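Please open the model in your viewer and keep the selection panel at hand. The tour below moves from one selection to the next and says what is to be found at each stop.

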Amino acid sequence: MDTPGTISCDEELRHWPSDEAQARAVQDRLRSSVRLDESGPQPGFAGTVVGVDVAYDDERDVVAAAAVALDARSLAVVDEATAVGQVSFPYVPGLLAFREIPTVIDALARLTRVPDLVVCDGYGLAHPRRFGLASHLGVLTGLPTIGVAKNPFTFRYAPPGPERGATSPLLDGDEEVGRALRTQKGVKPVFVSVGHRVDLDRACAHTLRLAAAYRLPETTRAADSLCRKALAGA
DNA sequence: GCGACAG
DNA sequence: ATCTTGTCGC
């Protein structure tokens with residue numbers, strides 16, 4: 001049931017924190033395992049880009065995750081998988097990963113191919129402790145990851161130019177933790193940050209390429225759609 | 001203490 | 001995230 005690329009994160013998953021203090025300690029401990037020295041796959045490489053997303057049912061405390069693999073060149077869907085689980089952590093800004101990752105990993109493990117790049121909903125480096133969802137998922141699976149968020153979280157940015165492809169730094173004080181990226185002309189930007197084993201330039205290039213027709217990357221759109229269906233049928 | 005706060 | 005109708009525009 002294990003995908004070769006999703007390395008044995010069993011140990012971390014067994015020791016899942018049960019409160020906020022433990023969760024922050026896990027982030028502080030794992031942060032040094034993030035690899036920021038790799039460029040990551042070239043945009044347009046021959047391989048798959050996988051989008052992951054989750055949906056919740058508050059009444060039943062159920063969470064459904066989806067992983068959808070797209071061919072990196074054609075953006076055609078080549079594989080998809082879902083998983084359903086019990087919500088195991090509340091939503092706390094800065095601790096999103098603890099709510100989403102277990103079910104997301106279950107879904108990823110059900111793909112028939114190892115992803116070459118994973119696109120997460122949310123942040124990676126752009127995080128209060130520099131260890132957001134995308135960073136965490138990258139470290140646990142070993143896979144290259146990036147984060148694409150719809151909101152600037154607590155960070156500041158100057159609006160990028162109006163043209164598609166325009167960017168501006170996403171700032172935590174003086175530090176650039178990511179970029180605001182305009183994926184469509186005249187439309188609100190998305191917020192890109194690196195996760196694991198991918199640099200910021202390529203993270204933005206991949207995001208722009210994946211967002212050829214809409215504001216959000218096709219990976220995100222496909223995963224969002226699929227996890228909602230999975231939740232409805234659970 | 002108050003407000004803000006990925007999904 | 002989720003609750004939710006119509007509506008403006010290409």
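A polar contact is a pair of N or O atoms within 3.5 Å; within protein, one of the two must be able to donate a hydrogen and the other to accept it, and residues adjacent in sequence count only if both atoms are side-chain atoms. With that in mind, select Tyr 123, where a backbone N or O atom lies 3.1 Å from a base nitrogen of DNA strand B.

Before going further, note that this is a predicted model, in which local features need pLDDT of at least 70, side-chain atom pairs count only at pLDDT 80 or more, and totals for chains, interfaces and linings use all residues. Residues are numbered from 1 along each chain as its sequence is written, chains are lettered from A and ligands numbered from 1 in the order in which they are written, and side-chain values use heavy atoms, with hydrogens and water left out.

**The DNA strands**

Stay with DNA strand B and show its surroundings, counting a residue as near if one of its heavy atoms lies within 4 Å of the strand. There are 19 residues around DNA strand B, and the closest are Tyr 91, Gly 94, Tyr 123, Lys 150 and Asn 151. Of the strand's atoms within 4 Å of the protein, 46% belong to sugar or phosphate, the rest being base atoms. At Gly 94, a polar backbone atom is 3.1 Å from a base nitrogen of DNA strand B, while at His 127 an N or O atom of the side chain is 3.5 Å from a base nitrogen of that strand.

Now select DNA strand C, which has Ala 55, Tyr 56, Lys 150 and Arg 228 around it. Lys 150 places a polar side-chain atom 3.2 Å from a phosphate oxygen of DNA strand C, and a backbone N or O atom of Tyr 56 lies 3.5 Å from a phosphate oxygen of the strand.

**From Tyr 56 to helix H3**

Keep Tyr 56 displayed and add Arg 99, which lies over the face of Tyr 56 at 4.1 Å from the ring centre; a charge sits over a ring if NZ of Lys or CZ of Arg is within 6 Å of the ring centre and within 35 degrees of the ring normal. Arg 99 is among the buried residues of H3, where buried means under 20% relative accessible area, exposed over 50% and partly exposed in between, with a 1.4 Å probe and protein chains only.

Extend the selection to the whole of H3, residues 97-109, whose 13 residues reach 17 Å from first C-alpha to last, close to the 18 Å expected at 1.5 Å a residue. Helices (H or I, at least four residues) and strands (E, at least two) are DSSP runs, numbered from the N terminus, and the expected span of a helix is 1.5 Å times one less than its number of residues. Because eleven of the 13 residues of H3 are buried, the helix is largely enclosed by the rest of the structure.

**Aromatic rings**

Next select Phe 89 and Phe 98, both of them buried. Rings of Phe, Tyr and Trp (its six-membered ring) pair if their centres lie within 6.5 Å, with planes under 30 degrees apart counted as stacked, over 60 as edge-to-face and the rest as tilted. The pair of Phe 89 and Phe 98 is tilted, at 5.6 Å centre to centre and 40 degrees between the planes, and together with Trp 16 these residues form one aromatic cluster.

**Last stop: Arg 129**

Finally, select Arg 129 in the loop between strand S4 (117-121) and H4. The side chains of Arg 129 and Gln 27 are joined by a polar contact of 2.7 Å.
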